[in-house]
Amino acid sequence: MRIAVVGGGPGGLFFAALFRQAAPAAEVTVFERNRADDAFGFGVVFSDRTLAGIHEADPVLREALDAHGRHWDDIEVRLKGERIRCGGNGMAAIARRTLLALLQERARDLGADLRFETEAGLDDLAGYDLVVAADGTSSRIRDALAERLEPTVETATAKFIWFGTDYMFDGLTFVHERGPHGVFAVHGYPISADVSTFIVETDEASWRAAGLDAFDTTRPPGPSDLATKAYLEELFADQIDGHRLLVNNSRWGNFRTRRTRRWYVTEPRPVALLGDAAHTAHFSVGSGTKMAMEDAIALSAALAKHTTDLPAALAAYESAARPSVEAIQNAARPSLGWWEHFGEYHDAFEPWQFAYHFLSRSITDGRLARRAPDFVRASHDRWQARHGGAEPLDTPFDLGTWRLPGRVMLVDPDGTTAVGGTGDPLPLRASAPDTPGPWGARITAPDDEPGLAAGYARLAALAAAGPLLVAVHGGTAHTRALLTERARLHHGLPALLVDDTPDRDRAVTAVLSGRTDLVGASADTVAAWEMSS
């Protein structure tokens, strides 16, 4: 078999090594348009929990991390002069250039042919049995086959830029600063003995207010945005002890989440997508390189198993690799969404609740407690100190005319009435009532994020009518949370989060994090909580 791999990133190189190891008689050629020592960006990070399968397939990454990488257990959140740490998050990082050099060496040692500074399109690869498109998020091969593969892309509203720094972070660190033009945040982590990655995110309004939109991003790769470098060095000077930022094709962009309905075609010729060419997930979940390397494992294994049936091999590859990717993308969506709204959270929350809100964006209180019991206990302690010693769901809540003994309200099956601890019913209306009296506004969350604009407009209209609270139901967990937060943080109204199938753990997380004030559930659900507690 003759295989052409287009793209010499970690995924393409790892696949070339694995398949040459599995099938020494196969011919594997890697075509990379850049030079061998080019590496855009600074570091790649892996969580300990994700590395087992990669290590089992080949020791090259484990050996690279052991010899050249940096490892840590804590995440640190810096906000308003406080530094809050959360353990149980074992991670390791390595300089991208170092990792690429070691993967190149491994692939060569196993007999792969690596050709750098070589452009390769489908028309150039007619003699190969299979083309593996590992040419990144801007894949030309994927785009050439778009009608067959059906790729989609969602563009985030937040802006980001990728630097390095010679300031050494202890581990994964999130730094948040409100400057004269808006709120900016850093994802920082060490990648070697003397360099850390330094990714900055902000919203478009802050970016424009700071005058950082002047750099021409249509220029070819290479030049970095030096005006932004100077601005951020000054803004974060105290956080990095006056150290400098390092550039490497550093320029602002908007993260694009890519999905592809099909990862391969067999006609007019066999082509398989791998890594970012097929899918991306926001870098806050740290899984892009990991997903590409796991794709490489799945593709190599499928080809080795179905040696005489290439269509079956490609189908097996997609079937094996897609579920993990989709799970990561589903977890990454609320994480990415958090960064689109972090300025509002920065201003609304105390540092402890901001950190808890951030770290629980894709995980519940119970799961987080198993990973980081000290952090979760400290968060509960801070809540109790503010609320007279009560746990979140047992904390009284004042609705003005009503004082609820806890944060759970019983909601009838059709969602038209909520009942507090006093037993008094509160009508939940979709519009302002004609007659005076206490009432709550009911709003249905959209099934997807494009529908949020209409949801926000509807919420504003209901809020202007002066309801006692806003009850949000329907939609998805993510859109419900965004609407309840909008009611609380933007309109200053108590919010009731109504979930068709809530569990106590999710309810605790929602209240403790500040995503909602109250949780709505059926009487049967609440009874089940009480029996299980």
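Lys290 is buried, at a relative accessible area of 7%. Keep in mind that this is a predicted model. What does the Lys290 side chain meet in a salt bridge? Glu294, at 3.1 Å, N to O. Both residues sit in helix H9, which covers residues 288-305. They are 4 residues apart, about one turn of the helix. Glu294 has a relative accessible area of 23%. That is not under 20%, so Glu294 counts as partly exposed rather than buried.

Next, helix H10, residues 310-348. Here Glu318 forms a salt bridge with Arg322. The closest N and O atoms are 2.7 Å apart. Again the spacing is 4 residues, about one turn of the helix. Buried or exposed? Glu318 is buried, at 14%. Arg322 is buried too, at 18%. Both values fall under 20%, so both residues get that label.

Now a pair that links distant parts of the chain. The side chains of Glu150 and Arg261 meet in a salt bridge, 3.2 Å from N to O. How many residues apart are they? The answer is 111. Glu150 is in the loop between helix H6 (146-149) and strand S10 (151-165). Arg261 is in the loop between strand S15 (253-260) and strand S16 (264-265). Look at the accessibility. Glu150 is at 36%, so it counts as partly exposed. Arg261 is at 59%; that is over 50%, so Arg261 counts as exposed.

There is also a network of salt bridges. Four residues are linked in it: Asp74, Glu76, Arg78 and Arg85. For the whole model, the count comes to 29 salt bridges.

On to the nonpolar side. The largest nonpolar core has 70 residues. Which members touch the most other members? Phe15, Leu274, Leu299, Leu303 and Tyr317. Apart from this core lies another one, of 61 residues. Its members include Leu79, Ala93, Tyr189 and Val511.

Let me finish on Leu274. Set aside its neighbours within four places in sequence. What is left in contact with Leu274? Gly11, Gly12 and Phe15 are on the list. So are Val132, Ala133 and Ala134. Then come Ala292, Asp295, Ala296 and Leu299. Tyr317 completes the set. Note that Phe15, Leu299 and Tyr317 are on this contact list, and that these three are also among the residues touching the most other core members.

Definitions and conventions: Residues numbered from 1 in each chain as written. Predicted model: local features only at pLDDT ≥ 70, side-chain atom pairs only at ≥ 80, totals over all residues. Heavy atoms only, no water. Core = buried A, V, L, I, M, F, W, Y, C linked by side-chain atoms within 4.5 Å. Buried < 20%, exposed > 50% of the residue type's maximum accessible area, 1.4 Å probe, protein only. Contact = heavy atoms within 4.5 Å. Helix = DSSP H or I, 4+ residues; strand = E, 2+ residues; numbered from the N terminus.
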